[in-house]
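Thanks for coming, everyone. I'll keep this brisk and walk through one model. Please have the structure open in front of you.

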Amino acid sequence: MSVDGEAVRPGAESGEADEPGWEVDPDDEWGVAVLTTVGRQLRLRREAAGLRAAEFGTAVGYGEDLVYKVEGGKRIPRQDYLARADEVLGADGLIAAAWEDVKKVRYPKTVRDIAKLEAQAAEVGVYVCNSISGLLQTPDHARALFQAAQPPYSPDDVERMVAARMARRSIFERRPAPSISFVLEEATLRREVGGTMVWRQQIEHLLEAGRFHNVTLQVMPTRTDAHPGVDGRIEVLKFPDGTAVGRSDGAFNGRPTSDPKQLRILELRYGSIRAQALAPRESLAFIERLLLGET
């Protein structure tokens with residue numbers, strides 16, 4: 001998954017995507033540790049209750065295979081699985097409470113790392129070439145994008161990725177509020193992702209976000225000359241202590257960088273993009289006209 005939260009396909013080859021629960025990334029050490037601990041506790045309590053895996057699965061409404069995977073730390077259980085397990089095993093809320101830890105690892109590690117950085121940043125600057133930034137997407141817009149992927153994601157993976165993307169929007173609720181700027185391509189605003197109603201809701205959401213005192217939206221007109229963002233996404237995060245992290249699809253192999261020289265290059269590119277885009281007030285007016293069908 002990328003800096004903007006574009007999805008990877010966890011367990012896509014396993015053929016198990018239709019089962020309740022999610023695949024765990026084996027490279028996510030913290031996530032594996034959490035799930036291993038929760039799984040071990042579930043197994044010990046099940047065995048102490050004298051229940052076979054198949055019997056326990058029937059009692060909680062899930063298959064025997066999933067029970068073994070959850071207990072082995074190979075599968076991320078959903079909240080209702082833990083709630084039912086707690087009831088069946090008479091754990092007095094102890095198993096259900098494990099959801100507080102499990103829910104933190106249900107998103108891929110890269111998304112958690114991104115969200116952590118965004119949660120600490122004092123300034124965020126984002127340009128995305130081919131889509132609306134994930135931070136600005138509505139759930140239905142994000143869902144339509146994921147559903148359009150080929151080969152297709154399973155419905156379960158789609159919902160997982162939508163939830164991960166929506167979790168990043170907590171940046172708008174932070175106090176003190178960070179300064180956030182976006183540059184959006186006109187073409188991405190015109191694309192009716194998900195159909196007319198979903199598109200209208202997305203445009204209305206952009207207008208709402210653009211009126212936040214700490215958010216600046218700018219539109220890059222389609223009828224304009226080439227600019228430094230044609231290679232893809234650029235994101236620059238600046239922190240209160242003066243440090244920064246940046247990434248660009250067209251530079252440094254697309255990897256995040258904190259090198260001062262490379263950051264200056266990204267800041268120069270992002271600044272050039274902002275200078276070439278419509279001014280913030282003009283951009284909001286453009287989006288309003290687009291919603292009214294006047295452009």
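**Two helices, then the sheet**

Start with α1 and α4: α1 passes α4 in a left-handed crossing. Keep in mind throughout that this is a predicted model. The axes of the two helices, α1 and α4, come within 11 Å. They cross at roughly 30 degrees. Angles under 35 degrees count as roughly parallel, so α1 is roughly parallel to α4.

Which residues of α1 and α4 meet? From α1, look for V38, L42, R45 and R46. From α4, look for Y81, L82, A85 and L89. Here is a general point on spacing. An α-helix has 3.6 residues a turn, so residues three or four places apart point the same way.

Let me step back for the overall picture. The protein has 12 helices and seven strands. It has 295 residues, and buried ones make up 49% of them. Now take the contacts with a separation of 6 or more. Residues 24 or more positions apart account for 72% of those.

Back to Y81, this time for its ring. The structure holds five aromatic pairs. One of them is Y62 with Y81. Their ring centres are 5.2 Å apart, and the planes stand at 55 degrees, so the pair is tilted. Planes have to be over 60 degrees apart to count as edge-to-face.

Where in the chain do Y62 and Y81 sit? Y62 is in the loop between α2, residues 53-60, and α3, residues 64-71. Y81 is in helix α4, residues 79-89. They are 19 residues apart, and the pair links distant parts of the chain. Both Y62 and Y81 are buried. F56 joins in too: ring pairs link F56, Y62 and Y81 into a cluster.

Next, helix α3. Its buried residues include L66, V67 and V70. K69 and E71 in α3 are buried as well. What do the buried residues of α3 pack against? Two of the partners are the helices we began with, α1, residues 29-48, and α4. The others are α2 and the strand β2, residues 75-76. Just after α3 comes G73, with a positive phi of about 70 degrees.

Now the sheet. This is an open sheet of five strands, in the order β5-β4-β3-β6-β7. The pairing is mixed. Which strands stand at the edges? They are β5, residues 215-220, and β7, residues 244-248. Each has a single partner strand, so one side of each is left without a neighbour in the sheet. On average, neighbouring strands are turned by 5 degrees against each other, direction ignored.

Zoom in on β6, residues 234-238. Four of its five residues are buried, so I'd call this strand mostly covered, as computed. Five bridges join β6 to β3, residues 123-128, and these two strands run antiparallel. Five bridges also join β6 to β7, again running antiparallel.

Here is the register. On the β3 side, Y127 stands opposite I234 in β6. On the β7 side, I234 stands opposite S248. In the hairpin of β6 and β7, five residues lie between the strands. G242 in that hairpin takes a positive phi near 95 degrees.

One residue of β3 deserves a closer look: G125. Its bridge partner in β6 is V236. Is G125 buried or exposed? At 6% relative accessibility, G125 counts as buried. The cut-off for buried is under 20%. Leave aside neighbours within four places in sequence, and G125 is in contact with S181, I234, E235, V236 and Y270. Take Y270. It is 145 residues from G125 in sequence. In space, the two are 7.8 Å apart, C-alpha to C-alpha.

Last stop, H141. This residue lies in helix α7, residues 139-147. H141 is buried, with a relative accessible area of 4%. What does H141 touch, not counting residues up to four places away in sequence? The list is I132, V193, V198 and Q202.

That's the tour. Questions, please.

Key. Residues numbered from 1 in each chain as written. Predicted model: local features only at pLDDT ≥ 70, side-chain atom pairs only at ≥ 80, totals over all residues. Heavy atoms only, no water. Phe/Tyr/Trp six-rings, centres within 6.5 Å; stacked < 30°, edge-to-face > 60°. Buried < 20%, exposed > 50% of the residue type's maximum accessible area, 1.4 Å probe, protein only. Pairing = 2+ DSSP bridges. Axes fitted to C-alpha atoms, helices over the stretch in contact; angles between N-to-C directions. Contact = heavy atoms within 4.5 Å. Parallel < 35°, antiparallel > 145°, perpendicular 65-115°, else oblique. Left-handed = near helix turned anticlockwise from the far one by under 90°.
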